[in-house]
Amino acid sequence: MSKNLVIVESPAKAKTIEKFLGDGFTVKSSFGHIRDLAKGDSAIDIEKGYLPNYIVSTDKKKIVTELKKLAKDADMVWLASDEDREGEAISWHLSEVLGLKPDNTKRIVFHEITKSAILHAIENPRDIDNNLVKAQQARRVLDRLVGFQLSPVLWRKVKPSLSAGRVQSVAVRLIVEREKQIEDFVSSSSFKIQGLFSASGKPVRADLSKRPPSLQDANDFLTSCKGAEFKVGTIKTVPAKRYPSAPFTTSTLQQEASRKLGYNVSRTMMLAQRLYENGHITYMRTDSVNLSDFARKTAQQTITQEFGDTYSNPRKYSTKNDNAQEAHEAIRPTNFDKNVAGDDDAQKRLYQLIWKRAIASQMSDAQLERTTIDVVNSNNSDVFKAKGEVIKFDGFLKVYLEGSDDENEEEDSGLLPQVIEGQTLDLVEIKATQRYTRPPARFTEASLVKRLEELGIGRPSTYAPTISTVQKRGYVVKDEIEGKSRSYNLLILKDNQIVNEKLTENYGADKNKLHPSDIGRVVTEFLIEHFSEIMDFGFTASVEKEFDEIAEGMKNWSQMIDDFYQPFSKNVTKTLENAGRATGERALGNDPKTGKPIIARIGRFGPMVQIGEQDDEEKPRFASLSKGQNINNITLEEALDLFKMPRILGVYEDKDVKANIGRFGPYVQHLKMFVSIPKDEDVMTIELDRAIELIEAKKIADANRIIKKFEEDPDTEILNGRWGPYIKSRKKNYKLPKDLEDPSKLTLEEVKHIMENQPAKGKRKAKKTTKK
């Protein structure tokens, strides 16, 4: 038996570390946390100072048993989970559950998985940092209290099965408010004037600094340029520099991977985790931009060898965030000599992005020359300006240039031809293009991370799960938004003639941008009205600072929780007792047939439209919204179309085929078969031939699902499901025993016995608990 047991949280990390240690070491993985807060209202004992009740989950009991045996037989146990708060908590839980003793337990940390880093960590062990553990515990307890108390409020006041989170709700608010800014934005137009001139046969493109506000003003300007003589006015050339960006933090990596590689934040972190565990990069959850002396030195060697001495400029970067606490170094390669690493193409692309950014940060500034040429004319005092940029020394640009989220950013025209002041230019044409102002851009995942970081909300370890959670809960969606068409004017002055063209363009289209769902809007507005403090950006950031203070040993964690929980709990009680239901109700008009009001609102199963009112003698009629519709923009005409459902598409096998919208979205119905319509297809336009294709495909899929049918009871069958085999009988589903080897051998009597002896279902209770 090995004298040394090293416990990490990941199998891949264990495999990499094991290669660096000798025969006297056994490296095992805990597969993440081995225990967590209990489910239900027994998780936290408020009466005992918010004492958490941790339990080992069923799927971790086997791992715990194995680790206990190995720890008992080992002379020394090394806890080697990640160096952030989450990692510190994992080590603490292992120590508690495994019953480890201080005299033969060491905590080791490292920010890269290399042989030198691992051996250095073993030579410099420390104890578990209880302050970091308390900070993680405070976040976990606070978030559980908020979610457990707030979710039942939403069930009663908005819609069943909803949930709320402290940081997630604030993130959704950002997206909701951005969408309102877009909806309230009033676009105005002006004319962008661009001139194309010729200098000895070489093109010179120049823009007019002013923008005429109207078609008449633009036409008047072009008219004034008829017959004008154009000359070069002032030529101004100034030196300029571009500076490399700092190495990646978690936030900037997520942003740049989105811009350059198209990765969402979850994918970026998953790939970075693999690169870290395989020893290719340093720890990927960090808000530090610092590089170690060793890293700067090895980067300098690589730059000098690859590009020469003139390209090397070692420099230190300082972190702007005073509360940087996750790890003490930026994300960088562990070996700068390797510019390619990773198991697959996605990992390799991300690694190369990290390598380029880190290398560029230690390279020389780019030396530029920016030139502005004024173009004047004999008929008016307006000046065109041609701008160009020449790279005199590329410096870090040889390797890397940071991307931008600015959709309105315009680049200089590049190299300009050689001209002298007073030189006559030939006019080729002047264009006046009508351009409309744009509303603020919707958030991408990357730009939302940037905004959360600017507001001090969340930390490197929370960005990806926050953005993933708000989408999973259906509060935020990321799908394609269809644009609208509008006309614009284009005036062209050429050969002293002005031509006016009427053209069209699409606007407002978006892809892979975040926007709120109807339920996300209604929940956000409800929480802002009744829980304004929780939804306040400044308050949420201040809570993060309090976690930092706990991590530094400057604040008592249970007192911090109590200061938050007491007023919050009272507000929950007040809201349950006094607040009305939130439906986001919006009046659309009246039904032309009955004269009854038509409204759009949130119902029990989601967004819908309704004809009539609850207290009418005749029961109201309801219809679910279709894809792309929401209660804030649906029109009366679109609502009336929904009440034409179901659409009869035609007859197939002597029975009607219908298209309709139900609780789970649009579907096609034939006899008792219901088939979902794919998300990219429209229930209002789907035709019979396509519906038959879906029906036949569903028949084949259903046939493959059937394990066994019973002739004596056709309504009972054993099926293959997403989570394994199960029994379906008269529209109800029943679990099969886990130790059952072959479900196809079950008799009908055995199936009925299983159905009659199903395990009791656990129910979550919303129990109000207050501190006395």
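Four strands make up an open sheet in the order β23-β24-β25-β26, and their pairing is antiparallel. The model in which this sheet appears is predicted, with a mean pLDDT of 91 over the chain and 96% of the residues at 70 or more. A second open sheet, also of 4 strands, runs in the order β19-β20-β21-β22, and the briefing then turns to a pocket of about 1,500 Å³ and to a cavity of about 50 Å³.

**The sheet β23 to β26 and its helix**

- β23 and β26 (673-676) are the edge strands of this sheet, and because each has a single partner strand, one side of each is left without a neighbour in the sheet.
- From one strand to the next, the twist of this sheet averages 25°.
- Strand β25 (residues 665-670) is joined to β26 by 4 bridges, the two running antiparallel, and across this pairing Gln669 stands opposite Phe674 in β26.
- Helix α18 (residues 688-705) packs on the sheet, where it touches β23, β24 (655-662), β25 and β26, and the direction of the helix makes about 110° with that of β26.
- Within strand β23 (residues 647-652) lies Ile648, which, once its neighbours within four places in sequence are set aside, is in contact with Asp656, Val657 and Lys658.
- Between the C-alpha atoms of Ile648 and Asn660, which are 12 residues apart along the chain, the separation is 9.1 Å.

**The sheet β19 to β22**

- In the open sheet β19-β20-β21-β22 the pairing is antiparallel, and the edge strands, each of which pairs on one side only, are β19 (586-590) and β22 (621-624).
- The twist of this sheet averages 30° from one strand to the next.
- Strand β21 (residues 606-611) runs antiparallel to β22 and is joined to it by 4 bridges, with Val609 placed opposite Ala623 in β22.

**The second largest pocket**

- The second largest pocket holds about 1,500 Å³ of space, and of the 47 residues that line this pocket, His33, Asp36, Glu86, Gln136 and Arg140 are the closest to its centre.
- Two or more lining residues come from each of β3 (35-37), β6 (54-56), α3 (85-98), α5 (130-157), α6, α9 (265-277) and α13 (463-472), and the largest share, 9 residues, is that of α5.
- By residue class, the lining of the second largest pocket divides into 10 nonpolar, 18 polar and 19 charged residues.

**Cavities**

- The count comes to 2 cavities when those of 30 Å³ or more are considered, and the largest cavity has a volume of about 50 Å³.
- The residues that line the largest cavity are Ala164, Ser169, Val172, Tyr475, Gly520, Val523, Thr524, Leu527 and Met535, a lining that divides into 6 nonpolar, 3 polar and no charged residues.
- At least two residues of this lining are supplied by each of α6 (166-184) and α14 (518-530), and α14 gives the most, with 4 residues.

**Confidence**

- Over residues 763-772 the pLDDT stays under 50, and for this stretch the model has 24 contacts beyond four places in sequence.
- Where pLDDT is low, predicted coordinates should not be read in detail.

Note on methods
Residues numbered from 1 in each chain as written. Predicted model: local features only at pLDDT ≥ 70, side-chain atom pairs only at ≥ 80, totals over all residues. Heavy atoms only, no water. 1 Å grid on protein atoms, 1.4 Å probe; cavity = no way out; pocket = protein on both sides within 12 Å on 5 of 7 lines; lining within 4 Å. Points joined across faces, edges and corners; volume = space filled by probe spheres on them. Nonpolar A, V, L, I, M, F, W, Y, C, P; charged D, E, K, R; others polar. Contact = heavy atoms within 4.5 Å. pLDDT = per-residue confidence, 0-100. Pairing = 2+ DSSP bridges. Axes fitted to C-alpha atoms, helices over the stretch in contact; angles between N-to-C directions.
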